[in-house]
Amino acid sequence: FRPTLASSVALFIWLPFGLVLSLLRFTIGIALPLNVSAPILALTGTRTTVSRPQSASLSLVHYEQNQKGMLYVCNHRTLLDPLYVAIVLGKPLSAVTYSLSRLSEIVSPIRTIRLTRDRVKDREIMDKMLTQGNLVVCPEGTTCREPYLLRFSPLFSELTDNIVPVAVDVKVSMFYGTTASGYKCLDPFFHFMNPNPSYFIKFLGMLPQSQTCQGGGMPKIEVANFVQNEICNALGFACTNLTRRDKYLVLAGNEGVSPSNDC
């Protein structure tokens, strides 16, 4: 909100309550199983809206040997995106991320693996995780607050034909749960400091085989662009060619590498 006198007074009045509420929500989220913590978090004021197509099956892939799990591809609003996807699906998921604080990695209630930004190594990591179950990936490579999507990395499109685009949006009233130059480990705390943080998650159904690399022979970049457009249309956002590097150069004056803030 704009820093008017009234809104600034409201913020400072809310701040001590927000700090306590954030710690409570964070503790509930990491200490309890997902199916237990979700309704309790709802009672504290968090809101989650889920939309899924009637005709599409979003159940677990009952894979046999050498058959891969489902790959959920979503845009990236906060570090909590994969966690909320896991909560609303009620399924065991793993997540990969390009940037994660040590604290978030340790306390995450779902399995979370860091990517290296080495294309060959990252593909091996993601391919291995898909053989072990379902996976969530955010191809933007970084969070974006504004109503547009950064360019999608096409790496995910090479891994499997079992691709489900997921549109994610977040509504907050006081604090952003993302940072470009601060401490990334504080992002979930700032998100939970909001009185009623809201998540909107829309599953768009499995990608048609004709729009995949392996099944339809589509180029990987075209697949990535198709998924980006599907998510943009679902959210009413705009697609861009801006990359993760572009974002950090504009907002933080660096290329997104800040080890000193990785707590």
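Guide: Two residues are in contact when heavy atoms of theirs lie within 4.5 Å. The model you see is predicted. Let's put that cut-off to use with F156.

Visitor: With which residues is F156 in contact, leaving aside its neighbours within four places in sequence?

Guide: F156 is in contact with L71, V73, M126, V137, P139, I163, A224 and V227, once those sequence neighbours are set aside. Each of these pairs therefore has heavy atoms within 4.5 Å.

Visitor: What makes a group of residues a nonpolar core?

Guide: The members must be buried residues of certain kinds, Val, Leu, Met and Phe among them, joined through side-chain atoms within 4.5 Å. The largest such set here has 26 residues. L71, V73, M126, F152 and F156 have the most contacts inside this core. At least two residues each come from β2 (71-74), α5 (119-132), β5 (134-137), β7 (163-171) and α8 (220-235). The largest share belongs to α8, which gives six residues. Another core, of 23 residues, lies apart from this one, and M70, L89, V164 and V170 are among its members. In soluble globular proteins, nonpolar side chains tend to be buried together.

Visitor: How many disulfides are there, and how do you know?

Guide: The count is zero. A disulfide needs two cysteine sulfur atoms within 2.5 Å. For C138, the nearest cysteine sulfur is that of C74, 3.5 Å away. Because 3.5 Å is over the 2.5 Å limit, C138 is in no disulfide. The nearest cysteine sulfur to C213 is that of C239, 18 Å away. C213 therefore fails the 2.5 Å test too and is in no disulfide.

Visitor: Are C138 and C213 buried or exposed, and what decides that?

Guide: A residue is called buried when its relative accessible area is under 20%. C138 has 8% relative accessibility, so it counts as buried. C213, with 18%, is buried as well.

Visitor: Why is helix α3 described as largely enclosed by the rest of the structure?

Guide: Because eight of the nine residues in this helix, which spans residues 81-89, are buried. Those buried residues of α3 are D81, P82, L83, Y84, V85, A86, V88 and L89. Just after α3 comes G90, with a positive phi of about 65°.

Visitor: What makes a space a cavity, and how many cavities of 30 Å³ or more are there?

Guide: In a cavity, a 1.4 Å probe fits but cannot get out. There are two cavities of 30 Å³ or more. The second largest cavity, at about 40 Å³, passes that threshold. Its lining is made of Y98, L115, M126, V137, P139, S153, L155 and F156. Seven of these residues count as nonpolar, one as polar and none as charged.

Visitor: What makes a space a pocket, and which residues are closest to the centre of the largest one?

Guide: A pocket is an open set of points, with protein on both sides within 12 Å along at least five of seven lines. The largest pocket holds about 510 Å³ of space. Its lining has 34 residues, and L79, L80, L83, S108 and P109 are the closest to its centre. Elements that each supply at least two lining residues are α1 (5-31), α2 (34-43), α3, β3 (93-97), α4 (102-107) and α6 (187-192). By kind, the lining has 22 nonpolar residues, 11 polar and one charged.

Visitor: How many residues line the second largest pocket, and of what kinds are they?

Guide: There are 16 lining residues, and the closest to the centre are Y98, R117, P139, S153 and P154. Eight of the lining residues are charged, five nonpolar and three polar. The pocket encloses about 330 Å³, and α5 and α9 (244-251) each supply at least two residues of its lining.

Visitor: Why is T97 called buried, and which residues does T97 touch?

Guide: T97 has 13% relative accessibility, which is under the 20% limit, so the word buried applies. This residue sits in strand β3. Not counting residues up to four places away in sequence, T97 touches T112, I113, R114 and L115.

Visitor: And V107: where is it, and with which residues is it in contact?

Guide: V107 is part of helix α4. Beyond its neighbours within four places in sequence, V107 is in contact with F26 and I30.

Terms used
Residues numbered from 1 in each chain as written. Predicted model: local features only at pLDDT ≥ 70, side-chain atom pairs only at ≥ 80, totals over all residues. Heavy atoms only, no water. Buried < 20%, exposed > 50% of the residue type's maximum accessible area, 1.4 Å probe, protein only. Helix = DSSP H or I, 4+ residues; strand = E, 2+ residues; numbered from the N terminus. 1 Å grid on protein atoms, 1.4 Å probe; cavity = no way out; pocket = protein on both sides within 12 Å on 5 of 7 lines; lining within 4 Å. Points joined across faces, edges and corners; volume = space filled by probe spheres on them. Nonpolar A, V, L, I, M, F, W, Y, C, P; charged D, E, K, R; others polar.
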